[in-house]
Amino acid sequence: AVRIVSHKFCEMRFGEFEKTVLRGPESSLEMRRRFKGFESIIRSNKDIPWPGYGESVADVENRAMKGLEQLLRDFPACDHLCIVGHSHFNKILLTSLLGRHDQLVGNQGSTCVNVMDVDPDGK
C-alpha cells in the first residue's frame, strides 16, 4: 500500500475560531453562540468564509475535489483509496460527490468511516 499525505485533505480552516474550545468546562457560552451564529451563516452560503482567514465551504470543496482527482490520475489502476479526514471536510467532500450542493451531509464525526465506490471511468 502507498501512503500519501496531502494538505488537500486537511480539515476546514476555521479562521479566528481555530483552536477555540467549544465543548467542556473550558468553553464559554458566548464563544459557542458566536460559533453557531457564524456556522449558520456559512451553511446558508457556501462562498462565505469563516472570519479571520478561514475557508468557505466552496474553498474546501474545490480543494478536496482537486485532491481526489489528483489521486485518481496518479493511481489509475487503484482499486481502493482510504482518505482520512475530519468532520467538516468529510461532510463537504461527501456532499459534493453525492451532488447535494444545497445541503451538507449530516452527522459525520471525526472517526466516521465512509465507503465510496468509484467506477473505472472515475465516477
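Is Ser28 buried, partly exposed or exposed?

1. Ser28 is partly exposed, its relative accessible area being 34%. The model is a predicted one, and the value for Ser28 is computed from it. Because the class of partly exposed lies between 20% and 50%, a figure of 34% puts Ser28 there.

2. As to position, Ser28 sits in the segment that precedes helix H1, which covers residues 29–44. Between the C-alpha atoms of Ser28 and Leu93 there are 30 Å, and the two residues are 65 apart along the chain.

3. On disulfides, a search of the whole structure returns 0. Cys10 takes part in none, and the nearest cysteine sulfur to it belongs to Cys82, at 15 Å. A disulfide here requires two cysteine sulfur atoms within 2.5 Å, so a separation of 15 Å rules out this pair.

4. The accessibility of these two cysteines is as follows. Cys10 is partly exposed, with a relative accessible area of 36%. Cys82 is exposed, with 69%.

5. On internal space, the search over the whole structure finds 1 cavity of 30 Å³ or more. The volume of the largest cavity is about 50 Å³.

6. The lining of the largest cavity consists of Met12, Glu39, Ile42, Arg43, Trp50, Val57, His88 and Leu104. Helix H1 gives the most to this lining, with 3 residues. By class, the lining residues comprise 5 nonpolar, 1 polar and 2 charged.

7. Helix H1 thus links two of the points above: Ser28 lies in the segment before H1, and H1 contributes 3 residues to the lining of the largest cavity.

Definitions and conventions: Residues are numbered from 1 along each chain as its sequence is written. This is a predicted model: local features need pLDDT of at least 70, side-chain atom pairs count only at pLDDT 80 or more; totals for chains, interfaces and linings use all residues. Side-chain values use heavy atoms; hydrogens and water are left out. Helices (H or I, at least four residues) and strands (E, at least two) are DSSP runs, numbered from the N terminus. Buried means under 20% relative accessible area, exposed over 50%, partly exposed in between (1.4 Å probe, protein chains only). On a 1 Å grid over the protein atoms alone, a cavity is a set of points where a 1.4 Å probe fits but cannot get out, and a pocket is an open set with protein on both sides within 12 Å along at least five of seven lines; lining residues have an atom within 4 Å of a point. Grid points are joined across faces, edges and corners, and a volume is the space filled by probe spheres set on the points. Ala, Val, Leu, Ile, Met, Phe, Trp, Tyr, Cys and Pro count as nonpolar, Asp, Glu, Lys and Arg as charged, and the others, Gly among them, as polar.
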